[in-house]
Amino acid sequence: MSKVLIIEDNDSIRENIIEILELSGYEVLSASNGKSGIELAITHNPDIILCDIMMPELDGYGVLHVLSQSSVTKTIPFIFLTSKAERSDLRKGMELGADDYLTKPFDDSELLRAIESRTKKKEAQQLYYGQTPENLNTIISNKKGLDELKSVMQERSCRKFKPHQHIHYEGDHVTGIYYIISGTVKTVKFTKDGRELITGIYKEGDYLDINVMLSANIYSDTAIAIEETVLSFLPIDQLDKLIFLHPEIGAKFINILTCNIREKELRLLQIAYMSVRKRIAEGIIKMAGQHNCDNAMIKITRDDLAALSGTSPETVSRTLSDFKEEGLIKKSAGTLHILNFNKLNTLRN
């Protein structure tokens, strides 16, 4: 039986929600103000929290902020109940880490669907990622934490993603970082007109989203699997503990993050000053991820190569045709075969 905590200062609304949920088989806790709600959340660890925004003394934003600071309550799904439907208000709640919102008045089915959806998502995450494995406790107590972290991440519960499946969206509340066991992942940003710009390509052995070390509120990019990909997951609270006990792990991640930032700066310069031909050659070599690799096969769509090189899909098609005529590549069914890596590499200079 799922346990629901309701924080609502309006007695009539609160009692009505309690009645609906108890009739639907939920165990219900309730509080008439934010302070009492926080105490109940920490004491009883509910499966989901419904919280009004406009309350005296401590409003819903304050409740969410306090709960997000506690390792006990930070991962509990949180739904705002609000009579305010302004986009700025809703956006503020989502940026603070809310999972959903219901605008008053709402009917019984809306309420139950929202709760069911969020509790199922939490159950699915637990199924995919599992509970804290004993191996992590070994890392935390072992002086060789940095050396063992990668192997332990490989042993954790894993999740498979299909090609083009979203891993997380820009603006989602941060839950942790990912380690790529196999496959390839791109991170992207979208323009207002829906165009895609690839901000990073990550492959087997890479850590994804380690920038959350510096800003652990929301993901800054949308992450999408390019091909079938297997990921291991490390919750943010366990990452914090590892970094606290093993500063060398934090130092390693900062080095990786610094390299990622430099690479993005270089790509911006390339987009600004390099010819299209050079940018597309650079994108192909980046996807290859190795040197002197004649006959290497790269799976990448025309649109992805365009988003990586900062140009249009039509321009990519024309340039790839030129590369094919020059004997640099061969194309077949969404796959590029590099025939002359060295010559392709000279195009970047």
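In this predicted model, phenylalanine 161 of strand β6 has threonine 229 in β13 as its bridge partner. The two strands, β6 (residues 158-161) and β13 (residues 229-235), pair in the antiparallel sense over four bridges. Strand β6 also shows two contrasting faces: Arg159 and Phe161 make up the covered one, while Cys158 and Lys160 make up the uncovered one.

A second pairing to look at belongs to an open sheet of five strands, arranged in the order β2-β1-β3-β4-β5 with parallel pairing. The edges are taken by β2 (27-31) and β5 (100-103); each has a single partner strand, so one side of each is left without a neighbour in the sheet. On average, and with direction ignored, neighbouring strands here are turned by 20° against each other. Within the sheet, β3 (residues 48-52) and β4 (residues 78-82) are joined in the parallel sense over four bridges, and aspartate 52 stands opposite leucine 81 in β4.

Helices accompany this sheet. Helix α1 (residues 11-23) packs on it and touches β1 (3-7), β2, β3 and β4, with a direction that makes about 170° with that of β2. Helix α2 (residues 34-44) lies across β1, β2 and β3 and runs at about 165° to β1.

Aspartate 52 returns in the account of charged side chains, where the structure holds eight salt bridges. One of them joins aspartate 52 to lysine 104, with the closest N and O atoms 3.0 Å apart. Because aspartate 52 lies in strand β3 and lysine 104 in the loop between β5 and α5 (108-129), this pair ties together parts that are 52 residues apart in sequence. Aspartate 52 counts as buried, at 4% relative accessibility. Glu8 joins Asp52 and Lys104 in a network of salt bridges.

Another salt bridge is formed by glutamate 196 and lysine 186, whose closest N and O atoms are 2.9 Å apart. Glutamate 196 belongs to strand β10 (residues 196-203) and lysine 186 to strand β9 (residues 184-190), so the link is between parts ten residues apart in sequence. The two partners can be told apart by their accessibility: glutamate 196 is partly exposed, with a relative accessible area of 25%, whereas lysine 186 counts as buried at 6%.

Arginine 277 and glutamate 326 likewise meet through their side chains in a salt bridge (2.9 Å, N to O). Arginine 277 sits in helix α10 and glutamate 326 in the loop between α12 (313-325) and β15 (329-332), so the pair connects parts that are 49 residues apart in sequence. Arginine 277 is partly exposed, with a relative accessible area of 31%, and glutamate 326 is partly exposed too, at 33%. Helix α10 (residues 276-288) has 13 residues and reaches 18 Å from its first C-alpha to its last, close to the 18 Å expected at 1.5 Å a residue. Buried residues of α10 include Arg279, Ile280, Ile284, Ile285 and Met287.

Aromatic rings add a further set of contacts, and the count comes to four aromatic pairs. Tyrosine 179 and tyrosine 207 form a tilted pair, at 5.1 Å centre to centre and 55° between the planes. This pair links distant parts of the chain, with tyrosine 179 in strand β8 (residues 176-182) and tyrosine 207 in strand β11 (residues 207-208), 28 residues apart. Both tyrosine 179 and tyrosine 207 are buried. Elsewhere, Tyr61, Phe78 and Phe80 form one aromatic cluster.

Note on methods: Residues numbered from 1 in each chain as written. Predicted model: local features only at pLDDT ≥ 70, side-chain atom pairs only at ≥ 80, totals over all residues. Heavy atoms only, no water. Pairing = 2+ DSSP bridges. Axes fitted to C-alpha atoms, helices over the stretch in contact; angles between N-to-C directions. Contact = heavy atoms within 4.5 Å. Phe/Tyr/Trp six-rings, centres within 6.5 Å; stacked < 30°, edge-to-face > 60°. Buried < 20%, exposed > 50% of the residue type's maximum accessible area, 1.4 Å probe, protein only. Expected span 1.5 Å × (residues − 1). Salt bridge = Lys/Arg side-chain N within 4 Å of Asp/Glu carboxyl O.
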